[in-house]
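Hi,

Here is the structure I said I would pass on. Have a look at it first, and my notes on what turned up follow underneath.

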Amino acid sequence: MTYGGDQTFPEIREAVRKLCARFPGQYWRALDREREYPTEFVTALTEAGFLSVLIPEEYGGSGLGLSAGAAVLEEIHRSGGNGGACHAQMYTMGTVLAHGSPAQKAAYLPKVASGELRLQAFGVTEPDAGTDTTRITTFARRDGDHYVVSGQKLWISRAEHSDLMVLLCRTTARDASAKPSDGMSVLLVDMREAVGNGLTIRPVRTMINHATTELFFEDLKVPVANLIGEEGKGFRYILSGMNAERILIASECIGDAKFFIDRASHYAKERAVFGRPIGENQGVQFPIARAYVQMTAAELMVQRACDLFEAGLPCGTEANMAKLTASEASWYAADMCLQTHGGFGFAEDYDIERKFRETRLYQVAPISTNLILSHVATHVLDLPKSF
Ligand SMILES: Cc1cc2nc3c(=O)[nH]c(=O)nc-3n(C[C@H](O)[C@H](O)[C@H](O)COP(=O)(O)OP(=O)(O)OC[C@H]3O[C@@H](n4cnc5c(N)ncnc54)[C@H](O)[C@@H]3O)c2cc1C
């Protein structure tokens, strides 16, 4: 089926679809069962240049806008795959691009663009600091030419499959900072040197195949040359990259919703119960139609957020609203699709139960729905703050 938003980047979409056809449901199911990383898929995407679409041409990327990246990720998800294994390779470099020194950009970005370096780990969350990032306690103490990092991070995805990690840590304790959001800094950690020399990675098994991990830092030495931007201003740098992340993840949700709507529509026409296709019953039709309406509305919100982002205009609220509407549309579509399939929705071979589990994540990460509602309530509607 063709949807309204499919008109953008038709050539990119077609190429991504072709690539994804080489990685069918069987491929993802086998990996899901063993919680293994989709190495072949990520290599194919990298080689085709789809993960470097946001890197400017001067650094070896294709320099396309965010909406091109959104089209790539949407098509991956619509095909039944999962971009979570590598989506961060697209946008994590944004911190280096926006706030890194000319030397850092020259050293890293061309290699990230070619795929020689994977920069797809993003270390912010800690066991006692999720939603409230200012509570992080992982600390980088300056010692000559190095920082010495101690602490713990949780839910750091792809850490085992990344050469570099953007790490947010405290360089001044929260209590000693003028504002809670001051005193945090961003370090670029070379994982190849760090693991075994102060950094230990422990995989965390979850309900989805997401290669997420727990990180333990014990006096890890990171060169001061790997500080991104100014010391103490890291929170602002991380925030500035979050709009891209939210919009791109919203586009994955749109892809998921289209996957579920396609599958449900097809099945409802084929499956006969009481001697007629179940899709003839309005009790089956209406949830599919509702899913389509919700997905289309969310898709417009994602496009609006992309447009603002690409025009360099403020888009924090729109990025948040795109992520909220898209993640709710994909979750509604997932539930609808499972229901439409009856018992078969639970069978692994249909890929619906896997996608159902996978799309649920996006109401919690990278930011939970409640926090988006809180942003809209207080920043847009000027309602009193609750925290
Ligand atoms: C599979 C997976 C992968 C992830 N990958 C990464 C990663 O690569 N890097 C990284 O840094 N992090 C990652 N995360 C972490 C993710 O960003 C956090 O889980 C998320 O920000 C929520 O934080 P929390 O889990 O600590 O929830 P908490 O902050 O403990 O919140 C728990 C619940 O309470 C609600 N809540 C809290 N405060 C309020 C309030 N004031 N009002 C209303 N509701 C409230 C929240 O909305 C949430 O539903 C990942 C998480 C998962 C599950």
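A definition before anything else: a cavity here is a set of grid points where a 1.4 Å probe fits but cannot get out, and its volume is the space filled by probe spheres set on those points. Bear in mind too that this is a predicted model.

**Cavities and the big pocket**

With that rule, the model has four cavities of 30 Å³ or more. The largest cavity comes to about 120 Å³. There are 14 residues in its lining, and Trp28, Pro38, Asn82, Ala85 and Asn209 are the closest to the centre. Helices α2 and α12 each contribute at least two residues to that lining.

The largest pocket has a volume of about 1,700 Å³. Its lining runs to 49 residues, with Gly130, Thr131, Arg246, Pro366 and Ile367 nearest the centre. Which element gives the largest share of that lining? That would be α9, with eight residues. Among the other elements that supply at least two residues each are β3, α11, α12 and α13.

**Around α2**

Helix α2 covers residues 25–34, and its buried residues are Gly25, Tyr27, Trp28, Arg29, Leu31 and Asp32. What do they pack against? Their partners are α3 (39–47) and α12 (352–360). Trp28 is therefore worth finding in your viewer from two sides: this residue is buried, being under 20% relative accessible area, and it is also among the residues closest to the centre of the largest cavity. Right after the helix comes Arg35, which has a positive phi, near 55°.

Tyr27 and Trp28 also turn up in an aromatic cluster, together with Phe23 and Phe41.

**Aromatic pairs**

The count of aromatic pairs is seven. One of them is Trp331 with Phe356: the ring centres are 4.7 Å apart and the planes are at 50°, so this pair is tilted. It links distant parts of the chain, since Trp331 belongs to helix α11 (residues 316–340) and Phe356 to α12, 25 residues apart. Is Trp331 buried or partly exposed? Its relative accessible area is 25%, so Trp331 is partly exposed, given that buried means under 20%.

Phe344 and Tyr350 make another tilted pair, at 5.5 Å centre to centre with 40° between the planes. Phe344 has 36% relative accessibility and so counts as partly exposed. Tyr350 falls in that class as well, at 29%.

**Charges over rings**

Trp331 has a further partner: the charged end of Arg360 sits over its ring, 5.3 Å from the centre. Lys355 does likewise with Phe259, its charged end lying over the ring at 5.2 Å from the centre.

**Strand β1**

Last item: the strand β1, residues 119–123. How many of its five residues are buried? Four are, which leaves the strand mostly covered. β1 pairs with strand β4 (residues 164–170) in the parallel sense, over four bridges. If you want a spot to start from, Leu119 stands opposite Leu164 of β4. In a regular strand, side chains alternate between the two faces of the sheet.

If you only open two views, I would pick the surroundings of Trp28, which is close to the centre of the largest cavity, and those of Trp331, which pairs with Phe356 and has the charged end of Arg360 over its ring.

Cheers

Key
Residues numbered from 1 in each chain as written. Predicted model: local features only at pLDDT ≥ 70, side-chain atom pairs only at ≥ 80, totals over all residues. Heavy atoms only, no water. Buried < 20%, exposed > 50% of the residue type's maximum accessible area, 1.4 Å probe, protein only. Contact = heavy atoms within 4.5 Å. Phe/Tyr/Trp six-rings, centres within 6.5 Å; stacked < 30°, edge-to-face > 60°. Lys NZ or Arg CZ within 6 Å of the ring centre and 35° of its normal. Pairing = 2+ DSSP bridges. 1 Å grid on protein atoms, 1.4 Å probe; cavity = no way out; pocket = protein on both sides within 12 Å on 5 of 7 lines; lining within 4 Å.
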